[in-house]
Amino acid sequence: MGPHFLTAVVGLWLLASPDLLGYRGAAQVNNQIVGAWLTTFGLIAMSESVRAVRWANIVLGGWLICAPFIMGYPDERAIGSLVLGLVTISLSSIRGSVFNRFGGEWSALWRAAPE
């Protein structure tokens with residue numbers, strides 16, 4: 001639960017950083033879109049039953065790493081995007097503890113139900 005919450009915090013930082021640091025352009029738009037998705041997926045992944053949503057944040061972290069080269073960010077924005085992309089991938093790679101199993105998956109169709 002903790003790493004996914006921290007991923008949501010990274011997303012909130014991406015949402016707020018254009019206004020707090022005063023930058024515009026492609027970096028602003030990208031950070032606000034990716035930040036909204038990171039926050040949403042991070043909060044959803046906190047629930048154990050849909051933890052697989054964390055894989056979407058790994059893709060978004062990869063985009064944060066690639067975006068400065070594709071969209072031509074200035075140097076200081078590029079470094080921030082690279083660092084936050086690596087942090088996002090690292091945090092989203094942590095699976096977390098499994099306390100319950102949800103659903104029966106396909107094998108539940110041929111296995112006997114526990115009594």
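Visitor: What distance does helix α3 reach from its first C-alpha to its last?
Guide: This is a predicted model, in which local features need pLDDT of at least 70 and side-chain atom pairs count only at pLDDT 80 or more, while totals for chains, interfaces and linings use all residues. Residues are numbered from 1 along each chain as its sequence is written, and side-chain values use heavy atoms, with hydrogens and water left out. Helix α3, a DSSP run (H or I, at least four residues) numbered from the N terminus, covers residues 54-71. Its 18 residues have an expected span of 26 Å (1.5 Å times one less than the number of residues), and the value found is close to that, 25 Å.

Visitor: At which residue does α3 bend?
Guide: The bend is the angle between axes fitted to the seven residues ending at a residue and the seven starting there. In α3 it is about 35°, with proline 68 following within four residues, and the site is isoleucine 65.

Visitor: Which helices do the buried residues of α3 pack against?
Guide: Buried means under 20% relative accessible area (1.4 Å probe, protein chains only). The buried residues of α3 include Ile58, Leu60 and Leu64. By contact (heavy atoms within 4.5 Å), their partners are α1, α2 and α4.

Visitor: Is glutamine 28 buried or exposed?
Guide: Glutamine 28 lies in helix α2. Leaving aside neighbours within four places in sequence, glutamine 28 is in contact with Pro18 and Tyr23. Because its relative accessibility is 16%, glutamine 28 counts as buried.

Terms used. Helix = DSSP H or I, 4+ residues; strand = E, 2+ residues; numbered from the N terminus. Buried < 20%, exposed > 50% of the residue type's maximum accessible area, 1.4 Å probe, protein only.
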